[in-house]
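Here are my notes on the model, set out as numbered points. Please read them with the structure open.

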Amino acid sequence: MPLMSVNAWSFEKKLGPMRMMEWDENWNEHRLVVEPNQQEMTIPQLLNMLGNNGFYGVEIPYGNIQLTSEENVNQLWEKSRYTGVQLTSLLLDYGDLSSEDEERRQRDIEWYKRWIDIAGKAGFISVRIPGGEAEPEDEEALQRSVEGMLELADYADSRRVRVLTENLGRLLSTSDNCRKLLDACEGNVGLTVDFGNFKTDKYRQLAVLLPFAYTVHAKAELDSRGEIDWDDFRACLDLCAEAGFRGAMSFTYLGEGDEWSSILQLKEEAETVFVNRV
């Protein structure tokens, strides 16, 4: 049975302002953009809710971590241990290690390192870093991404944090490229597999990558009515079970319905699939 986890992106609109980084090409610098979501719950309250409902892990986007002082990071570490909810992954949804712009790439690497430091102090098991936005056919861009990943993996190792990437963004939009990057990194970089990120030949590509998955984003696809496509979700779960996946399965719901009840339904469905496989 996988470790039952939640992707906090599911609660984006309830966790307060989302502080996201962008690259300003005109000034060659990072620019902070704040999405003014109202705060209906805090990260500690989310951990309490998860711990009380049979979840043992959570993935948190960096933009939801409002305060990064030593005191606040320590509080996150303590709350995780008190609730029994592992901080399975810090999601760094920014950056382009594949960029031809050397200045941008180096600044992004330094930005990642600052968040790796925070992840290590807070007790995150891993950080997820995107491969980049170059075209998937660009072999030189893939090599740049590999070099950046290896530098970050080496840096993270001393902080007891594992670097992961994901089938996310243009460069890693194919299972072939994901495999190429993983092979080039020789086991130093792990993989998050997201159910919803492949736009073509979805099930074949998921089947290729799931045997290598360190974590899974069990994302619910929505049908034309905005409801969960259960046939698709079950098909993805079956592929996970066939691959023998036992890592953190982070349920992800991005629809307009009630997030919490939807997450509980996804968890129940996953438990049914995996119990029936035993």
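1. D232 is a buried residue, because its relative accessible area is 7% and the cut-off for buried is under 20%. This is a predicted model, and the values below should be read with that in mind.

2. D232 has a charged partner: its side chain forms a salt bridge with that of K202, with N and O 2.9 Å apart. The two residues are 30 positions apart in the chain, and the bridge links helix 6 (residues 202-209), which holds K202, to helix 7 (residues 230-242), which holds D232. K202 is buried too, at 13% relative accessible area.

3. Just before K202 comes a backbone point to check. D201, in the loop between strand 8 (190-194) and helix 6, has a positive phi of about 50° and is not a glycine. The residue is partly exposed, with 44% relative accessibility.

4. N28 is a second such case: a residue other than glycine with a positive phi of about 50°. Its place is the loop between strand 2 and strand 3 (29-35). At 27% relative accessibility, N28 is partly exposed.

5. The structure contains 25 salt bridges in total. One of them pairs E256 with K13, where the closest N and O atoms are 3.6 Å apart. This pair spans 243 residues of the chain: E256 sits in the loop between strand 10 (248-252) and helix 8 (259-277), and K13 in the loop between strand 1 (3-7) and strand 2 (18-24). E256 is exposed, at 69% relative accessible area.

6. A further salt bridge joins R225 and D223, with 3.3 Å between the closest N and O atoms. R225 is exposed at 63% relative accessibility, whereas D223 is partly exposed at 24%. Elsewhere, E22, D24 and R31 are joined into one network by salt bridges that share partners.

7. The largest pocket has a volume of about 330 Å³. Its lining has 15 residues, of which I43, P44, L67, N72 and L76 are the closest to the centre. Helix 1 (43-51) and helix 2 (70-83) each give at least two residues to this lining. Helix 2 makes the largest contribution, with 6 residues. By class, the lining of the largest pocket is made up of 7 nonpolar, 6 polar and 2 charged residues.

8. The second largest pocket holds about 210 Å³ of space. Its lining consists of D93, Y94, G95, D96, R104, P130, G132, E133 and L168. Sorted by class, these are 3 nonpolar, 2 polar and 4 charged residues.

9. Which residues does T215 contact, leaving aside its neighbours within four places in sequence? The contacts are E59, L164, L191, T192, V193, F245 and A248. T215 belongs to strand 9 (residues 215-219). With a relative accessible area of 2%, T215 is buried.

10. For a check by eye, I would begin with the K202 and D232 salt bridge, and then look at the positive phi of N28 and that of D201. The two pockets can follow, with volumes of about 330 Å³ for the largest and about 210 Å³ for the second largest.

Terms used. Residues are numbered from 1 along each chain as its sequence is written. This is a predicted model: local features need pLDDT of at least 70, side-chain atom pairs count only at pLDDT 80 or more; totals for chains, interfaces and linings use all residues. Side-chain values use heavy atoms; hydrogens and water are left out. On a 1 Å grid over the protein atoms alone, a cavity is a set of points where a 1.4 Å probe fits but cannot get out, and a pocket is an open set with protein on both sides within 12 Å along at least five of seven lines; lining residues have an atom within 4 Å of a point. Grid points are joined across faces, edges and corners, and a volume is the space filled by probe spheres set on the points. Helices (H or I, at least four residues) and strands (E, at least two) are DSSP runs, numbered from the N terminus. Ala, Val, Leu, Ile, Met, Phe, Trp, Tyr, Cys and Pro count as nonpolar, Asp, Glu, Lys and Arg as charged, and the others, Gly among them, as polar. A salt bridge is a side-chain nitrogen of Lys or Arg within 4 Å of a carboxyl oxygen of Asp or Glu. Buried means under 20% relative accessible area, exposed over 50%, partly exposed in between (1.4 Å probe, protein chains only). Contact means heavy atoms within 4.5 Å.
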